[in-house]
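Please look over the chain shown here before reading on, following the backbone from one end to the other. The report then moves from the whole chain to single residues.

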Amino acid sequence: MSELDRDAAVDRLEALLETIEDETMPVPVTEVWVYGDLALGVDPVERLDVYLTKDLLFGQADDRAAELNDRLGVDGIGETVRAEWASEHPEAVRANPSGHVAPEKCLGAHLFEEREPIHLEVCNASFEDNVTQRLEGALARESYENILDPRGVCLWIDGERSGDAFTKLRDGEYVFPPLSGALEMLGAEPSVAEEAADAVETYRERQDGISVRGDVV
């Protein structure tokens with residue numbers, strides 16, 4: 001699968017929300033946003049960009065979690081992902097190179113197929129807060145490729161779906177400025193905004209299949 005037409009991309013988002021609503025997730029999910037091609041009305045969609053806000057887990061490292069850690073050869077079940085979920089979906093447990101369970105990778109494995117043209121961002125902060133944090137950090141370091149595109153649409157928050165987001169996405173009704181213009185609106189100088197937008201696009205073009213990024217703010 002290399003791209004999706006707009007209707008198929010919206011259908012995929014609706015299926016994603018049904019999964020989040022109906023199944024136990026590795027961590028509690030509180031917000032779902034879409035940004036990038038689909039939010040901009042592009043058709044077909046080369047990559048579907050999804051942002052999830054998650055809650056942190058506390059006080060769930062019990063005996064069952066310890067047994068799962070031992071059996072699966074990882075650390076962190078019951079601390080960074082739910083033991084209930086890991087017990088139900090051991091095949092989807094993913095860890096970082098140090099062997100500690102990575103909730104963003106677990107969400108990616110649970111929600112998406114490996115070859116889907118999807119980028120998943122996972123953070124404990126809301127989309128709008130993380131857009132600002134990532135831009136400030138990128139401007140300070142002059143490292144732009146991981147800027148989070150601010151042109152997003154909220155689909156679901158605290159269990160409630162947006163009343164009209166899916167219809168507007170399907171009809172391509174959202175209107176956003178170019179990425180450089182959006183970054184200028186958030187405080188980037190015009191020349192820097194152009195350079196940053198080019199860096200984001202170049203980075204995006206290098207991605208293939210599902211890609212996942214996790215942040216803690």
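What follows is a description of a predicted model, beginning with the overall fold and ending with details of the backbone.

## The chain as a whole

The secondary structure of the chain comes to eight helices and six strands, and from the N terminus on these elements run in the order α-β-β-α-α-α-β-α-β-β-α-α-α-β. Along its principal axes the C-alpha trace spans about 55 × 40 × 30 Å. For 217 residues, a compact globule would be expected to have a radius of gyration near 17 Å, and the value of 18 Å for this chain agrees with that. Buried residues make up 47% of the 217 residues, while the accessible surface of the chain comes to about 10,500 Å², with 43% of it belonging to carbon and sulfur atoms. If one takes the contacts between residues at least 6 apart in sequence, 68% of them join residues at least 24 apart.

## Aromatic rings

A pair of aromatic rings is described by the distance of the centres and the angle of the planes. A search of the whole structure finds four aromatic pairs, and two of them are set out in the table.

| Pair | Centre to centre | Angle between planes | Arrangement |
|---|---|---|---|
| Trp 33 and Phe 127 | 4.6 Å | 20° | stacked |
| Tyr 51 and Phe 127 | 5.2 Å | 80° | edge-to-face |

Trp 33 lies in strand S1 and Phe 127 in helix H5, so this pair ties together parts of the chain that are 94 residues apart in sequence. Tyr 51, in turn, belongs to strand S2, so its pair with Phe 127 of helix H5 ties together parts that are 76 residues apart in sequence. Trp 33 and Phe 127 are buried, and Tyr 51 is buried as well. Ring pairs link Trp 33, Tyr 35, Tyr 51 and Phe 127 into a cluster.

## Two buried residues and their surroundings

Leu 155 lies in strand S4, and its relative accessible area is 1%, so it counts as buried. Which residues does Leu 155 contact, leaving aside its neighbours within four places in sequence? They are Leu 13, Leu 17, Val 32, Trp 33, Val 34, Glu 160, Arg 161, Ser 162, Ala 165, Phe 166 and Leu 169, and Trp 33 in this list is also a member of the ring cluster described above. Leu 155 and Glu 14 are 141 residues apart in sequence, yet their C-alpha atoms are 9.3 Å apart in space.

Arg 134 is found in helix H5, and is it buried or exposed? With a relative accessible area of 10%, Arg 134 is buried, because the cut-off for this word is under 20%. Its side chain reaches the backbone oxygen of Asn 146 at 2.7 Å. Not counting residues up to four places away in sequence, Arg 134 touches Glu 121, Asn 146, Ile 147, Leu 148, Arg 213 and Asp 215.

## Helix H2 and its two sides

In helix H2, which covers residues 63-72, Ala 65, Leu 68 and Asn 69 are buried. These residues cover an arc of only 100° around the axis, and therefore they lie on the same side of H2. On the other side of H2, Asp 63, Asp 70 and Arg 71 are exposed. What covers the buried residues of H2 includes helix H3 (83-88).

The ends of H2 can be described too. At the N-terminal end, Asp 62 caps the helix, with a side-chain oxygen 3.3 Å from the backbone nitrogen of Arg 64. H2 is followed by Gly 73, which has a positive phi near 70°.

## Backbone details in the loops

The peptide bond from Asp 43 to Pro 44 is cis, with omega near 5°, and Pro 44 lies in the loop between strand S1 (29-35) and strand S2 (48-54). Glu 142 is not a glycine but has a positive phi of about 55°. Glu 142 is found in the loop between helix H5 (127-141) and strand S4 (152-157), where it is exposed, with a relative accessible area of 63%. Asp 158, also a residue other than glycine, has a positive phi near 50°. Its place is in the loop between S4 and strand S5 (160-161), and with a relative accessible area of 62% Asp 158 is exposed.

Terms used: Residues are numbered from 1 along each chain as its sequence is written. Side-chain values use heavy atoms; hydrogens and water are left out. Helices (H or I, at least four residues) and strands (E, at least two) are DSSP runs, numbered from the N terminus. Buried means under 20% relative accessible area, exposed over 50%, partly exposed in between (1.4 Å probe, protein chains only). Contact means heavy atoms within 4.5 Å. A polar contact is a pair of N or O atoms within 3.5 Å; within protein, one must be able to donate a hydrogen and the other to accept it, and residues adjacent in sequence count only if both atoms are side-chain atoms. The arc is that of the directions from the helix axis to the C-beta atoms. The radius of gyration is taken over C-alpha atoms; the globule rule is 2.2 Å times the number of residues to the power 0.38. Accessible areas come from the Shrake-Rupley method with a 1.4 Å probe; for residues, only the protein chains shown count as cover. Rings of Phe, Tyr and Trp (its six-membered ring) pair if their centres lie within 6.5 Å; planes under 30 degrees apart count as stacked, over 60 as edge-to-face and the rest as tilted.
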